[in-house]
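Please look through the sequence and the model shown here before reading on. The briefing takes up the sheet, the helix that goes with it, and a pocket.

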Amino acid sequence: MRPSSTLTAVLTAAAALTLTVTGPSAAAGATAQGASAPPPQCREEALRISASPGGHRNVARIAVTNRGGRTCVVERIPTVTFRGLDGSAQPVPPAAGGAYVLSPGERGYAAVRTAERGTRQGHVVRSLSVAADPAHYGVTFGAAAVGTDRGIRVWEPVTTLWHTSRGAADRALAAATR
């Protein structure tokens with residue numbers, strides 16, 4: 001027995017409607033089940049923060065190392081503050097917050113410019129503090145740690161985002177502050 005053309009058209013339309021309604025829902029369910037959860041936020045005690053001179057006056061290099069046993073995330077913009085001053089270094093280029101993933105043993109690097117070369121403007125402070133996430137207390141470094149024994153001159157401070165190497169952080173700072 002051969003179905004009539006009307007019956008064939010109705011069955012085809014019903015099948016198309018079923019695929020249209022269940023297709024996206026099935027795909028969304030598969031995506032939700034197949035996607036892995038994002039890594040957790042790094043615990044502050046699992047991180048090591050360090051600071052060193054940046055190779056130029058008024059530039060510091062900072063690093064964060066995941067000393068924990070699992071992959072985790074920190075804020076992609078380091079929080080850099082200066083003793084006695086309000087606010088923190090602004091990211092260059094301007095960026096919104098987000099996650100920076102660190103595997104166990106992995107490091108992230110950023111460069112901080114505290115003041116333009118040769119400037120006499122600003123304030124001189126004795127220390128800067130760095131946190132890998134705004135929810136962390138961070139670590140405070142004296143001026144000598146970043147190569148400025150007489151204090152850190154601060155005027156319109158900026159920081160790069162975390163990068164995978166010191167060189168990448170240095171290049172990002174140079175490109176953003178030309």
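The points below are grouped by topic.

This is a predicted model. Its open sheet consists of five strands with mixed pairing, helix α2 packs on that sheet, and the largest pocket takes part of its lining from α2.

**The sheet**
- The strands follow one another in the order β1-β2-β7-β12-β5.
- Because β1 (47-53) and β5 (90-91) stand at the edges and have a single partner strand each, one side of each is left without a neighbour in the sheet.
- The partner of β1 is β2 (residues 59-66), which runs antiparallel to β1 and is joined to it by seven bridges; within this pair, I49 stands opposite V64 of β2.

**The helix on the sheet**
- Helix α2 (residues 166-176) touches β2, β7 (107-113) and β12 (158-159), and its direction makes about 30° with that of β7.
- The buried residues of α2 are A168, A169, A172 and L173; they cover an arc of only 135° around the axis, which means that they lie on the same side of α2.
- An α-helix has 3.6 residues a turn, so residues three or four places apart point the same way.
- These buried residues of α2 pack against β2, β7 and β12.

**The largest pocket**
- The largest pocket holds about 250 Å³ of space and is lined by 13 residues, of which H56, V59, R113, L173 and T177 lie nearest its centre.
- Two or more lining residues come from each of β7 and α2, and the largest share, three residues, is that of α2.
- L173 is thus named twice, as a buried residue of α2 and among the residues nearest the centre of the largest pocket.

Conventions
Residues are numbered from 1 along each chain as its sequence is written. This is a predicted model: local features need pLDDT of at least 70, side-chain atom pairs count only at pLDDT 80 or more; totals for chains, interfaces and linings use all residues. Side-chain values use heavy atoms; hydrogens and water are left out. Two strands pair if DSSP finds at least two bridges between them. Helices (H or I, at least four residues) and strands (E, at least two) are DSSP runs, numbered from the N terminus. Contact means heavy atoms within 4.5 Å. Axes are lines fitted to C-alpha atoms, for helices over the stretch in contact, and angles run from 0 to 180 degrees between N-to-C directions. Buried means under 20% relative accessible area, exposed over 50%, partly exposed in between (1.4 Å probe, protein chains only). The arc is that of the directions from the helix axis to the C-beta atoms. On a 1 Å grid over the protein atoms alone, a cavity is a set of points where a 1.4 Å probe fits but cannot get out, and a pocket is an open set with protein on both sides within 12 Å along at least five of seven lines; lining residues have an atom within 4 Å of a point. Grid points are joined across faces, edges and corners, and a volume is the space filled by probe spheres set on the points.
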